[in-house]
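Please find below a short note on the model, set out as numbered points. The points pass from the whole chain to individual helices and residues.

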Amino acid sequence: MNEEEKEQIKKEIEEEMNKKKKKHRFLKGFLFGAGATILGNVMKISIIGLGYVGLTSALCFQRLGHEVIGVDMNPNKVSLINEEISPINGYTIPLDMRFKATSNIKEAILNSEISFICVQTPTTKGKLDLSYLKKACKQIGEAIKKKKHHLIVVRSTIFPGSYEILKKIIEKSSEKKCGKGFDMALNPEFLREKTAIKDFFNPSYVVVGAETKEIGLNVLECYKGIDAKKFIVKLEVAQMIKYLNNSWHALKISYTNEIGRICEELKIDGDKLMALFCADKKLNISEKYHKIGSPFSGSCLPKDLAVLQNNINKLKLNCPIIQSISKSNEEHKRKWKK
Ligand SMILES: NC(=O)c1ccc[n+]([C@@H]2O[C@H](COP(=O)([O-])OP(=O)(O)OC[C@H]3O[C@@H](n4cnc5c(N)ncnc54)[C@H](O)[C@@H]3O)[C@@H](O)[C@H]2O)c1
């Protein structure tokens with residue numbers, strides 16, 4: 001990233017922050033930056049894992065006026081952050097957003113009331129690897145043994161069922177029961193790496209999965225000042241939403257590319273066609289057709305899909321998504337009748 005690009009990112013962040021300042025100008029004492037007063041309580045937050053998600057969360061929660069301490073098991077990362085050098089290539093740490101980092105998880109837990117776990121959840125052949133999360137949960141459990149209360153929030157992406165595994169690990173290592181001495185919640189992250197800070201301050205929404213509304217509201221306390229829709233949902237929903245969102249984004253990209261391949265063969269300007277498609281916000285880019293229920297039918301959808309599929313075959317193209325739509329619908333019909 002060159003100096004010009006860095007300046008551009010800084011400018012964009014400043015613009016976002018200024019917009020928010022203007023919006024909340026009427027609220028006395030509402031300032032961003034070091035020593036800021038915030039709309040709600042100042043929360044003592046620890047962030048476990050300082051990768052893209054953790055680093056962004058730490059910087060932005062600090063900027064919102066909370067007290068933040070960041071933890072990473074990689075001491076080099078910790079030193080770099082404390083020297084205000086970004087450990088991530090191409091990611092700048094805005095000077096007025098710095099926070100303290102440590103590799104001592106116990107110190108961080110004892111000096112905070114809420115922890116956001118942001119460690120990696122890699123996959124091997126599609127199998128979710130919870131080992132980093134399990135280790136972090138064990139460490140947190142040990143650290144809270146003698147603590148009166150702690151709120152543990154999993155921000156890493158996990159598949160439904162994982163929460164229970166992690167809860168049991170914390171219960172075992174802390175010798176406490178969830179709900180007595182500690183609470184747990186989920187707070188999936190939707191940022192994009194290139195626009196991480198901007199996305200934090202302007203999220204599509206903030207989602208918290210929690211067993212009770214009270215726990216959910218405690219987590220949302222950290223987001224006071226963020227002007228976005230906020231949802232407290234069931235734990236399974238909070239675990240599933242990332243997989244729904246990301247598979248949907250992947251589907252949209254691949255589907256669009258299939259259309260692009262068809263357009264190329266038919267000598268149609270694919271970009272212009274896609275722009276026209278996206279201009280329809282009533283049916284195409286909208287909530288319509290996102291109700292789980294009956295399979296598609298009627299006089300147009302099956303007929304026009306069949307013509308498109310037939311022409312894909314005639315053009316000798318391989319467009320597996322479009323070609324498999326009717327198969328998926330037939331499968332749904334079969335299940336739907338039962
Ligand atoms: N990168 C993204 O754009 C993005 C967006 C949304 C959600 N997510 C999800 O968020 C999670 C984190 O992603 P990331 O890209 O920030 O990961 P990352 O690999 O960049 O960073 C994880 C960090 O956690 C540290 N770590 C691991 N175990 C630790 C422990 N026990 N104690 C302290 N530090 C520990 C690692 O050293 C590393 O620095 C993943 O579940 C990912 O799927 C990522």
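1. Of the 338 residues of the protein, 28% count as buried, a residue being buried if 20 or more other C-beta atoms lie within 10 Å of its own, exposed if 12 or fewer, and partly exposed in between, with C-beta atoms placed from the backbone. This is a predicted model, in which local features need pLDDT of at least 70 and side-chain atom pairs count only at pLDDT 80 or more, while totals for chains, interfaces and linings use all residues. Residues are numbered from 1 along each chain as its sequence is written.

2. The protein has 12 helices and 11 strands; helices (H or I, at least four residues) and strands (E, at least two) are DSSP runs, numbered from the N terminus. Among contacts with a separation of 6 or more, 67% link residues 24 or more positions apart, two residues being in contact if their C-beta atoms, placed from the backbone, lie within 7 Å.

3. L235 belongs to helix 9 (residues 235–266). It counts as partly exposed because it has 19 C-beta neighbours inside 10 Å. Neighbours within four places in sequence aside, L235 is in contact with Y163, L186, G209 and E211. The C-alpha atoms of L235 and P160 are separated by 8.1 Å, although these residues are 75 apart along the chain.

4. Helix 12 (residues 320–337) has 18 residues, which at 1.5 Å a residue should span 26 Å, and its end C-alpha atoms are indeed 26 Å apart. The expected span is 1.5 Å times one less than the number of residues. Helix 12 nevertheless contains a kink of about 30°, centred on S326; the bend at a residue is the angle between axes fitted to the seven residues ending there and the seven starting there. Helix 12 is also hardly covered, with a count of 0 buried residues among its 18.

5. Which backbone angles deserve inspection? E175, a residue other than glycine, has a positive phi, near 60°. E175 sits in the loop between helix 6 (162–174) and strand 8 (177–178), and it is exposed because 12 other C-beta atoms lie within 10 Å. Most residues other than glycine have a negative phi.

6. Y289, likewise not a glycine, has a positive phi near 70°. The loop holding Y289 runs between helix 10 (270–279) and helix 11 (301–314). With 9 other C-beta atoms within 10 Å, Y289 is exposed.
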